[in-house]
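Here are a couple of exercises on helix packing, each with a worked solution. Have a go at each one before reading on.

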Amino acid sequence: MDSQQENGSFFSYQNLLRLEDRVSEIFLRYPWIGWGVWIVFCINSLVRTDPKRFGSTFQAYLDAAHAFWSGQTIYDMSTLGEYLYWPVSLLVLGPLPMLQPVVAAAIAMAISAALLSVAAYFFMKLLLPEQSGRDVLNLAGVLLMINIPVAWFNLKYVQAQVGMTAFMMLAAVAIARRRWALGALWLFLSIITKPLSLVMLLLCGATQPKMRLWLALALVAALTLPFAFAHPAYVAEQYRIWIVKLQQLTSVEPGQWLYQADFATMLDSFGLALPHTVQTAIRLAAALGFLALVWRIARYGNIVVFAVAVMLYAACYINLFGPRNEFLSYMVFTPALTGVALMLLRRNARDHRAWLLIIAVLLIDFHGALAVDRVLKPVLAFIVLGWMIYMTIDMRRWVELLGATAAQSK
């Protein structure tokens, strides 16, 4: 009986290896498949652009932009939703508010998809410097294809996560190449697209002295740019109302915002409801902990490891400890993880770390019942975070993980 169980377990393991080999063989035989599926998906998303999809999200941005240009109050204090970003994010829309909403949404969607496509290529090029441009391009297509489930929700709702993620990936590439001003520029574009990426900007500013001046200028520009387009007193009042609304959000208990998926909703689902003051304290403690981890990586001196790790840590913090984090916001996390997984597979098609990362990405990417998402997504993010902390304890593990990518920085 024991022998049969062992044989069954053995054959099960062998079947798993065969499945890995077959999946790898498909992409080796048809390397264009990733881009093919991604392009079809993007065209389908553009064709199906409809106010029924983006009415509660992108339309709120357009309404806020109209309010800004007409000197009216941007922020609605009577609801948890509507427009939540800072004033400068409205300037990113450019002339879109003057167009028909469907046309504006389609243009924003196309730009977001294009930005993510470009970022995927350069991020894979960073991870696989020894590969040919053609191989990198094919793998970038696979990266995009794997992230279609989460991209679908973000694109159809015309969410800012797509652009923010793309700019963060480009910033990581620039940092890895020690192009500090360019990295700061990408982070500037990221924070004005969506201010949550301030996490990455602050982590870089605190741990990379050569970036501090550029990042300080980027932050000042983001804060002051709206004053160039509206009366200073009006802009100052909008900042005051925005801060009040953010403070209001910190006092909201888990569950009041149906789409929330972070550490608080995870604990709430397990029957542990934390007061908002305790939640705030945990967020602050986590910020210090993340800073300590990134500081350790920065002091190690491998800039490529730092660039990849700081983006992953920033994405983890945004998803787990960001204010009122939604399940859609996990978009910022999964493309970089997918890139690392594909890098490992390119080196060894049977690297189980890569397959586990891809499984985690797919579980995070797909949207199920809200009651499941509020637990599953943060749990998986915590597991990945634990793995990252494990590697940070002994920095040689990061170097081993990234291989030739990390070696190029020496």
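**Exercise 1.** In this predicted model, work out how helix 6 and helix 17 are oriented to each other.

*Solution.* Start with the axes: helix 6 (residues 101-127) and helix 17 (residues 334-347) have theirs 10 Å apart, at an angle of about 45°. Angles from 65 to 115 degrees would be roughly perpendicular, and those under 35 roughly parallel. The two helices are therefore oblique to each other. Next, the hand: this crossing is right-handed. Now look at who touches whom. Helix 6 brings Phe 123, Met 124 and Leu 127, while helix 17 offers Ala 336, Gly 339, Val 340, Leu 342 and Met 343. Sort them by class and you get seven nonpolar residues, one polar and no charged ones.

**Exercise 2.** Do the same for helix 15 and helix 19: what is the hand of their crossing, and which residues make the contact?

*Solution.* Geometry first. Helix 15 spans residues 276-300 and helix 19 residues 370-393; their axes come within 10 Å and cross at roughly 40°. That makes this pair oblique too, because 40° is not under 35 degrees. The crossing is left-handed. On the helix 15 side, Phe 290, Leu 293, Arg 296 and Ile 297 make the contact, and they meet Leu 385, Ile 389, Thr 392 and Ile 393 of helix 19. The class tally is six nonpolar, one polar and one charged.

**Exercise 3.** Zoom out: how many helices and strands does the chain have?

*Solution.* Count 21 helices and zero strands. As for burial, 52% of the 410 residues count as buried.

Notes: Residues numbered from 1 in each chain as written. Predicted model: local features only at pLDDT ≥ 70, side-chain atom pairs only at ≥ 80, totals over all residues. Heavy atoms only, no water. Axes fitted to C-alpha atoms, helices over the stretch in contact; angles between N-to-C directions. Helix = DSSP H or I, 4+ residues; strand = E, 2+ residues; numbered from the N terminus. Left-handed = near helix turned anticlockwise from the far one by under 90°. Contact = heavy atoms within 4.5 Å. Nonpolar A, V, L, I, M, F, W, Y, C, P; charged D, E, K, R; others polar. Buried < 20%, exposed > 50% of the residue type's maximum accessible area, 1.4 Å probe, protein only. Parallel < 35°, antiparallel > 145°, perpendicular 65-115°, else oblique.
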